[in-house]
Every structure is written in C-alpha cells, then in structure tokens.
Amino acid sequence: MKLIQRYLLILLVAMMSISCSDFLEVSPQGVVGDEALNSPENIDGLVIAAYAMLGNDHYTVPNMLWPWGDLRSGDAYKGGDGPADISIYHAMEVFSTIQPDMSAYAPSVLGDLDNKKWERQYTAISRVNNALRRLQDVDETAYPKKSQRIAEMRFLRGHYYFDLKILFKHIPWIDEQASVEEIEAISNTVYTDQELWDLVASEFRAAASGLPESQTDAGRPGKFTAKAYLAKVLLYQAYEQNEDHQVVAVNAEKMEEVVTLVDEVIGSGQYSLESDFANPFLWEFENGRESVWAIQRSHDDGTTTGNIDFSSMLNNPMSTELGCCWFHIPSQNLVNSFKTDEAGLPMFDAFNENDLDLTSETVDPRLDHTVAQPEKPWKYETSIIYTEDEWARQPGIYGPYSSLKENVSPNCECFERIPPFMSSSKNTILIRFADVLLWKAEALIELGRQGEALPIINQIRQRAINSTELLQYSNGAPLSNYNVALYDGSSWTQTFARQALRWERRLELAMEGHRFFDLVRWGVAAQEINEYFITEKSKREYLQSAQFEAGKHEYLPIPQQQINLSNGRYIQNKGYN
C-alpha cells in the first residue's frame, strides 16, 4: 500500500523517480529501460508527451476553462438536461454546494471535477519535469535543439502551473530537481501567493530568453508567445491579494512591465487582429495572426478519434445535424450586456433592466458571433436555422440560447461525429491577440495613463463595427440592428476608462473561459456575481440556492483526496474546512 500511495500522490512520483530500478529488480519485457529514454530520439518523444497533455483533455477536465471561467461568472449556465446532469458543473455555477470532496456529485465515470483537473495538471507537470531532467543531461552535440526544447518545457510548465494557480491559489511547486522524498514531504503553503506568482513568471522569463522568435511547427511557442504569457502572469500578480482574497494593492512596477512586454509582442509584427471577429472561431482561419497560442487539434490522423476537441464535446446543441448535449449556455445577463444605447455605446447601468428585444433595441455585432439565437443561422450557415424547439435541450430551465465560438458548422471539414457526441478538429485558442491588447489597455488605465488606453479599446470596437458581413439571413437582411460607436474620450476619466475596459473584455472574450478569473483579479467577484444572482434568480428557478461567499469562493477547495494523500501536509483553502 505504501508503494501504491507513492504512485498516487498527485500523480507525480512515478514519472519523476530517477530510475525504475528503485522499485523493480527485474525489468519487465517490452518496456523501454530508464537509461534508454536518454537517447535523443526518446527525449524528443518525452517532449512531445508533455505537449500532448494540452490536447489529451476531456469534457470532464477541459483545458478550455469554460466550467470554471464562464459558469462561475454569470456569463453562462451549465445547460444539459438539468441540474443533475453532471451536477459537479451545477455546483460550480451555484457555489453554495461546492465541497472539498465532490466525488459524490457524479457517477464514477465523471469523478471529482476539481480533483481530476488537479491530477491532470500535475501529470502534465510530471511529464515536463521528466523531459527536463533528461534534456539537461543530454549532450547538445547529440541533441542540437537542447536549449530550445528546455525553453519550450519551461513554457509548458508555466502554463500548467498558471491554470493551477488561478483555480486553487495555494499549490505545491515541484520542479525537475525534486526527489521522490521531497515530493512526498512538500506542502502547498511553502510559498506565499506572491512567491508562487514569481515562480510562474520565472518559467516564462526563462522561456522567452531561450526560444527563437518564431517556430516552424504550429503549436510550439516562440519568444513572443512567452513574452505575451509573461505579461498575463504579471497582470494577475499586480493585483496583490490578502488571505481573504481581497485586492489590497496594485503593483505599478508590474503593470509597467506588462505594457513593455505587450509592446514587444506588438512590435514583433507576428500578430494582429483578424479583419472580422468571426475569423478566430472558424476552422479555415486557425493559426491565423490573431492566434498567439492554441491547442493544435486534428482528425483523420491515423488514430481512432484524432486529437479532436474533447473540451467542447458537450457544447453542441441538440439538433439532428449536431446531436448532443447543449452545455455551456449563454446567460440572459450576458445576452443583455451586448445592448447599445442611441450613441452606440454599452448600457453600463441599464443593460439588465429588461431582457433584450431585438425588434426595438440595438446590439453590438459580437452578440451574433457569440450566441446562437432562435430563428437565426447557425455558424453563418443561412440554410441551417437554429430553433428553440429542436436545438435547445431544456429551454424551460436554461433559456433558448447556445454557445457559438467553440462550435462549428456540420458542413465543416473539421466536423467529427463520435456518437452520441459531436466535436471538431478546430484549434482551441488559449491566447488571442485581442486579449493581449486589452492587457495593455488595462495596465495603462491602472497606471493612470488611461488616455493611452483609449485607442486600444477603440481598435477592438472598430473591428466589431467592421464584423457584420457574415451576420445576415439568406436574403441579405442583417441578423440584428447593429449600432456600435467608438469612445470619443470626452469623459475618459480613469474610473470611466476602467469601466469601459472591463465591459469590453466581457463582450470581446465572452464564452472563452476568462470572465470569472477577471472578476477575481479585479477583486469584484462577490459584488458582481451576487448582483447577477439577484436578478437571474427571478428567471432561472434552479439558481434559488446560489450564493457567492467572499473570501472563499474566489478559489476552489484543495481536493480532499489530495489532502488525504499528502497525510495532511496540504492545507485547505479558507472557508472549506
């Protein structure tokens, strides 16, 4: 049992052990020996295995963070067949039933969502660490890309830790130098919140210094990918939190570095906004200039199912063309947020006073790129009309809408059927250039340089204005009455600019898994989410028990299974004891 526990502990020990001979006196037949893994060819395989964890996700542990970023933010309802259908997702949405041990919320095939995510991330980290140990020992003359591959592994490890950090806050940090004994003895409270952010940032600093400016292979990060990710890390770190998760200071030095890094990314000339907002979410444009970094998907690649998008497999509507399972449903609150006033600007205060009426109200075009609505074309296919009766699974519970960005047309070459599910080989963008631009605008506003942020936000809005060509019925009529304008800067105070920036992030990045983490970063999660519940409870009966508790629900509980396996060395997050 002790040996089994050593293998189970956050799924790190087995892959990080120095030698198989530590545990076995006789090598199994047909298994590559530990020393043989040090060959350049096998090291390259270990590097690929570390990358593979990006695409080896599943709808129960997606690497597109929609369950944690959208369901918890007020942007999306769980969807499906009702609250009991993958009830762990329901718990994420209502908060009040989140527990350290969530395994009772679903059949064993689904397991404990948060524990699975923890395990998957640390499995990925263990693969990185295994590759790094061997890379550091191989001769560069035998493996000429040694330094570059080390930098790639540092980038990947930074990414895997970043997701853990924004989900759980207090996490154990384990690198390639850690022995089995050190892994078993470590705690998740060795480092402070800020020290952990420093460690994550150090991964991307190392990556940026060791990576080439560009890569031939799609999916491998380059120098400016790493600089972009470093800017993201520093943006999060700049909002310094206390142990109650309240923002107590904004670090100007880090905000300055965010601006500098984004300027370098822009100056590289490698990235730009697509001409139409639709393009980043269409298979035909994947790995385009707006895709700073993406999970590379594939099908018909010689494997059983291909490296298709299991993250979004549940998110197709219930239609004859698509099949299953209608999760990740845009909320009415989100839909209402796309309203515009007579001047073409967002309705910051009045947007939710009534539900959107397209016969009398104007909207931002990004609504029709983001949300599938009854009697409108599905994914720009004018011959395929989305209907509430045939496409929405439980409109009486979750409303009539569906999510568009992650989904595709059934006519796409990327479309894949795995009955009863449907998916695609369309890439999953993890960093989009529009997001990077908005990081710079946010940092400038927090530095009191809001005037410099104005043209950035207007650049994003101008692209929205220009993105109506695909938004029409077969007769050429527009899907909605669009009215979007640029900010003129006449009342562009820091307070107003901050409000405009945060609203722009919601509209631009809706349903991409970012919103909840934005709210926590800004220190406004409790205020925004509980205000959302007040109105939304009158529309969605299943939300009656929903309540966000400040100082607790900003982060997930450390999975109880991991605390047990650590023999109590892991300390539970505040509020979950």
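In the predicted model, Cys-412 is buried, with a relative accessible area of 14%. The cut-off for a buried residue is a relative accessible area under 20%, and Cys-412 therefore falls on the buried side. Its partner in a disulfide is Cys-414, and the two sulfur atoms are 2.3 Å apart. Cys-414 counts as buried as well, at 0% relative accessibility. The torsion about the S-S bond of Cys-412 and Cys-414 is about 120°, so this disulfide is right-handed.

A disulfide is a covalent bond between the sulfur atoms of two cysteines. The search of the whole structure finds 2 disulfides. Besides the link of Cys-412 and Cys-414, there is a disulfide between Cys-324 and Cys-325, with an S to S distance of 1.6 Å. The link of Cys-324 and Cys-325 is right-handed, with 70° about the S-S bond. Both Cys-324 and Cys-325 are buried. When the bonded cysteines are counted along the chain, the pattern of the disulfides is 1-2, 3-4.

The backbone was examined next. Most residues other than glycine have a negative phi, and most peptide bonds are trans. The peptide bond from Cys-324 to Cys-325, the two cysteines of one disulfide, is cis, with omega near 15°. Cys-325 lies in a loop, with strand E4 (291-295) on one side and strand E5 (327-330) on the other. Another cis peptide bond joins Pro-419 and Pro-420, where omega is about 5°. Pro-420 is also a loop residue, placed between strand E12 (415-418) and strand E13 (421-424).

Positive phi values were found at Phe-95 and Met-511. For Phe-95, a residue other than glycine, phi is near 70°. Phe-95 is in the loop that runs between helix H5 (87-94) and helix H6 (113-137), and its relative accessible area of 0% makes it buried. Met-511, too, is a residue other than glycine with a positive phi, near 70°. The loop that holds Met-511 runs between helix H18 (494-509) and helix H19 (515-522). Met-511 counts as buried, at 1% relative accessibility.

On the scale of the whole protein chain, the secondary structure consists of 21 helices and 14 strands. The radius of gyration is 24 Å, close to the 25 Å that the globule rule gives for 577 residues, so the chain is as compact as a globular protein of that length. Along the principal axes, the C-alpha atoms fill a box of roughly 75 × 50 × 50 Å. Of the 577 residues, 60% are buried. The accessible surface comes to about 21600 Å², and carbon and sulfur atoms account for 49% of it. The protein chain has 50 positive and 82 negative charges, and the mean positions of the two sets are 3 Å apart.

Contacts between residues at least 6 apart in sequence were also considered. Of these contacts, 72% join residues at least 24 apart. Arg-461, in helix H17 (residues 450-465), has contacts with residues elsewhere in the sequence. With its neighbours within four places in sequence left aside, Arg-461 is in contact with residues that include Gly-344, Leu-345, Pro-346, Asp-364 and Arg-366. Val-484, Ala-485, Leu-486, Tyr-487 and Glu-504 are also in contact with Arg-461. Arg-461 is buried, and its relative accessible area is 0%.

Thr-359 and Asn-481 are 122 residues apart in sequence, while their C-alpha atoms are 8.2 Å apart in space. Thr-359 is located in the loop between strand E6 (339-340) and strand E7 (362-363). Unlike the buried Arg-461, Thr-359 counts as exposed, at 74% relative accessibility. The cut-off for an exposed residue is over 50%, which means that the value for Thr-359 places it in the exposed class.

Conventions:
Residues are numbered from 1 along each chain as its sequence is written. This is a predicted model: local features need pLDDT of at least 70, side-chain atom pairs count only at pLDDT 80 or more; totals for chains, interfaces and linings use all residues. Side-chain values use heavy atoms; hydrogens and water are left out. Helices (H or I, at least four residues) and strands (E, at least two) are DSSP runs, numbered from the N terminus. The radius of gyration is taken over C-alpha atoms; the globule rule is 2.2 Å times the number of residues to the power 0.38. Buried means under 20% relative accessible area, exposed over 50%, partly exposed in between (1.4 Å probe, protein chains only). Contact means heavy atoms within 4.5 Å. Accessible areas come from the Shrake-Rupley method with a 1.4 Å probe; for residues, only the protein chains shown count as cover. Lys and Arg count as positive and Asp and Glu as negative; His and the chain ends are not counted. The place of a charge is taken as NZ of Lys, CZ of Arg, CG of Asp or CD of Glu. A disulfide is a pair of cysteine sulfur atoms within 2.5 Å.
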